[in-house]
Amino acid sequence: MPTPSVAALPIRRLTLRDLSACADLSENRGWPREEHKWGFLLTAGKGYGIDDPDGGLVGACAVTEYGPHDRPDLAAIGMVLVADRHARRGIGRRLMRHVVSLMGTTPLTLHATPYGLPLYEELGFKVTGRAEMLRGRFTPGGPEPKVATRPATAEDLQAILRLDEEVFGADRTHIITRLPAFADQLRVAEERGRIIGYTAAWPNMDTHVVGPLIARDTETAQALIASLAAHTDRPLRTDIDVRHEELLAWAKERGLASVAFNAVMTHGIGELPGDWSRRFAPLTVAAG
């Protein structure tokens, strides 16, 4: 029997059994293995991939849906990867077309690297914003934040969910309820007993990723980041909406350096829902 063309191999749903193959694929393309993040995306969302007849995966991507289960308000696409030996054969385009077709009329979003931008534009995605990735060891300095922060408790969950849906613009219950197990820290900011922001720090290789970061204002976001930094000895990494210029300048003054920029893109919707002024950083760019 002749070996089928890689371009004709079927696309299938991925499961946690594919975790090592997904991590191998990341490593193959020069990315960190990020098994912790892949595990989260495969359980909280859906993975799609193409099996390589010689073992492993030809390509893969992840989709995270938000809102009602049967009619999502928004879906984020991330981790679009093709093995180096199969690059430039249209595999990434085929995966993306498959996902876009499956999602039908559901609005889509993704964070695009400069490398992936032309493909996504070809598929009808439009640039609607930018995010700047920062990384480094946080150095305390300046006046102490006046906003009170503390570790989140189980009793805070409902208030966090209400605030998150108001700011994000779609229900993320299936994501937020996984944070206590996924993250090493989950902290809230409060004023007179009312939660005005929250954030998490989750482990990714040798760093702690700060995200989500939802806050009433820049001062609250600063207090939350500083409180996370005070309880870890790892470098921090985060992706901040470039419109939050004051927070970006403050973070850079405290040791976080610019690493890269990603384009925030949408399909089927002009702007992302919710309130960008209180949405400072995503959980991960792979999940929107």
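This passage describes side-chain contacts in a predicted model. Salt bridges come first, then cysteines, then aromatic rings and the charges placed over them.

Side chains of opposite charge can pair when their charged atoms come close. By the distance rule applied here, the model contains 22 salt bridges. One of them joins R33 to E27. The closest N and O atoms of R33 and E27 are 3.0 Å apart. E27 is partly exposed, because its relative accessibility is 46%. This bridge does not stand alone. D24, E27, R33 and E35 are linked in a network of salt bridges.

A second bridge connects R243 and D241, with 2.8 Å from N to O. The two partners fall into separate accessibility classes. R243 has a relative accessible area of 40% and is partly exposed. D241 has a relative accessible area of 14%, and so counts as buried, since the cut-off for buried is under 20%.

A third bridge is formed by the side chains of R254 and E253. Here the distance from N to O is 3.3 Å. R254 is buried, at 9% relative accessibility. E253, in contrast, is exposed, with a relative accessible area of 63%. The bridge thus brings together a buried arginine and an exposed glutamate.

The cysteines give a negative result. The number of disulfides in the structure is 0. Why does C22 form no bond with C61? The sulfur of C61 is the closest cysteine sulfur to that of C22, but it is 9.8 Å away, which is too far for a bond. A disulfide would need the two sulfur atoms within 2.5 Å. C61 is likewise in no disulfide, and the cysteine sulfur nearest to C61 is that of C22. C22 is buried, at 0% relative accessibility. C61 is also buried, with a relative accessibility of 0%.

Aromatic rings form another group of contacts. A pair of aromatic rings is described by the distance of the centres and the angle of the planes. The structure holds 5 aromatic pairs. One of these consists of F40 and F182. Their ring centres are 4.3 Å apart, and the planes meet at 40 degrees, so the pair is classed as tilted. This pair links distant parts of the chain. F40 belongs to helix α2, which covers residues 35-44, while F182 belongs to helix α7, residues 179-182. The two phenylalanines are 142 residues apart. Both F40 and F182 are buried.

F182 also pairs with W202. This pair is tilted as well, with 5.0 Å centre to centre and 35 degrees between the planes. Again, distant parts of the chain are linked. F182 is in helix α7, and W202 is in strand β9, residues 194-204. Here the separation is 20 residues. F182 has a relative accessibility of 6% and counts as buried. W202 is buried too, at 0% relative accessible area. Together, F40, F182 and W202 form one aromatic cluster.

Charged groups also lie over aromatic rings. R130 is placed over the face of F261, at 4.3 Å from the ring centre. In another case, the charged end of R243 sits over the ring of W276. The distance to the centre of the W276 ring is 4.2 Å. R243 therefore takes part in two kinds of contact: a salt bridge with D241 and a position over the ring of W276.

How values were computed: Residues are numbered from 1 along each chain as its sequence is written. This is a predicted model: local features need pLDDT of at least 70, side-chain atom pairs count only at pLDDT 80 or more; totals for chains, interfaces and linings use all residues. Side-chain values use heavy atoms; hydrogens and water are left out. A salt bridge is a side-chain nitrogen of Lys or Arg within 4 Å of a carboxyl oxygen of Asp or Glu. Buried means under 20% relative accessible area, exposed over 50%, partly exposed in between (1.4 Å probe, protein chains only). Rings of Phe, Tyr and Trp (its six-membered ring) pair if their centres lie within 6.5 Å; planes under 30 degrees apart count as stacked, over 60 as edge-to-face and the rest as tilted. Helices (H or I, at least four residues) and strands (E, at least two) are DSSP runs, numbered from the N terminus. A charge sits over a ring if NZ of Lys or CZ of Arg is within 6 Å of the ring centre and within 35 degrees of the ring normal.
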